[in-house]
Amino acid sequence: MFRKYEDLPEVEIPNDREIKLSDGTLREGAQMPGVVIKSKDKLEIYKYLHKIGIEKVENFLYNDRDRQVTKKMLDLGYDKPEVTGWIRAAKKDVELLNDFERINETGVLVSVSDTHLFDKIGFEDYEEARQHYLDVIQEVVDHGLKPRCHIEDLTRSSLNEFAFPLIEEILSISPEAIIRVCDTLNFGIPFEGADPYSVPDIVEKLRDMGAKDIELHIHDDYGLGVANVLSGFWHGANWGNLTFMGLGERAGVAELEKILLFLEDRVGIEKYDLSYLKEFAEFFEESAEYHVPNNKAIVGKNVFAHESGIHTDGVLKNPMTYEPYPPEKVGAERKLMVGDSSGKEVIASKVNEILDKIEADIQVNKNDQRINKIYKQIQEIYEKGKRDSCILDEELVEMMDDYFNLEVDELWKKL
């Protein structure tokens, strides 16, 4: 019998590796067309990630703005998120880390598909590319830094001919290197046997090579971002690189908030504070002028909004009927809406909510004649085609004024 949230059985990840999360909002997310994240806002984002408990962030260091905000993050002295760098596979880029003694790790872009190697970068052959990448990784190690190798476009590469042998040599140079599986165009598939696209097969191959840390950076062009990340965890990856609300190039990448919620609510990993997620999304709307879709999972305005009579009646009797997790878990609130499909139960609930706010010493139920009259009035509005949106609280207050001898509208305006 599953009638309470705590009754639901947890899903077990079939390996004992600790899952950790790194956030790419400050790098990948900042590249999203139409979204501008100012330096002061990057610092605030870092603070939100600290409150949530994310283990790591990555920063560009190419311009003075990014270098200055990175120093401010380091000056905060937080254990989490650890601040790391991000560079291209170029020796001159390694020098960018010279001014950051407190940074111990940097990402290195290692593109491996033929389109990237030959069309974008212009290598003559695999051997030239191989030697170039290994030289840069050695330079990073010589600088005393831990490399986090972004194996770009891995799911579209020649795995056995180039990508896997290169990764083996990288691990021989730096056994502690993090190998990031970058599913750059979301060609990755979340089940086994779909080589070269299978994320599970790639992860298991990397484990066989001896990779100690395997990270997933999955784009969402086919809508498989979250599915591929979870599949990677199931087969032995222990890091996920995500962005808040999936911000990033094109369709973005796997969403941080979705993975956070799944890990806590379905797997039982309780080391993150999800209560800041809704507030974090509101911050983005205000600071970056990013519109959060109303039906966006976890942080959208409609996630805990109920209008239809069947749904509201069920939620009022037992929230678990139509809410898979309590709204307060992610810092949200339940919102009952009155519309053309609303029944008397939700109207009574909204009326009682208003009566509470004006401190009226009265409560009603759906059988109250006043509720019946308001219900008929609302139905008449929709039947005559006068509107195509929900009834606002202010409108409901005006209706209540006709049937409650309480001067509801006057009291409401004083709130």
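Let's start with strands S7 and S8. They pair in the parallel sense, over 2 bridges. S8 covers residues 239–242. Within that pairing, leucine 216 has glycine 240 in S8 as its bridge partner. Keep in mind that this is a predicted model.

How does the chain get from S7 to S8? Through helix H8, residues 225–234, and the resulting β-α-β unit is right-handed.

Now the other neighbour, S6. This strand runs parallel to S7, and 6 bridges join the two. One pair to find on screen: isoleucine 179 stands opposite isoleucine 214 in S7. Here the chain crosses from S6 to S7 through helix H7, residues 199–209. That β-α-β crossover is right-handed.

Look at S7 itself, residues 213–218. Is it buried or exposed? Mostly covered: 6 of its 6 residues are buried. Its side chains split two ways. Asp213, Glu215 and His217 point one way. Ile214, Leu216 and Ile218 point the other way.

Two of those S7 residues, Glu215 and His217, touch my last stop, arginine 180. Arginine 180 sits in S6, residues 178–183. Why do we call arginine 180 buried? Because its relative accessible area is 0%, and the cut-off for buried is under 20%.

What does its side chain meet? The side chain of glutamate 58, in a polar contact at 2.9 Å. Glutamate 58 is also among the residues in contact with arginine 180 once neighbours within four places in sequence are set aside. Others in that set include Ser22, Arg27, Arg148, Cys149, His150, Ile151 and Asn241.

Terms used: Residues numbered from 1 in each chain as written. Predicted model: local features only at pLDDT ≥ 70, side-chain atom pairs only at ≥ 80, totals over all residues. Heavy atoms only, no water. Helix = DSSP H or I, 4+ residues; strand = E, 2+ residues; numbered from the N terminus. Buried < 20%, exposed > 50% of the residue type's maximum accessible area, 1.4 Å probe, protein only. Polar contact = N/O pair within 3.5 Å; in protein donor to acceptor, adjacent residues only side chain to side chain. Contact = heavy atoms within 4.5 Å. Pairing = 2+ DSSP bridges. Right-handed = clockwise from strand over helix to strand, strands pointing away.
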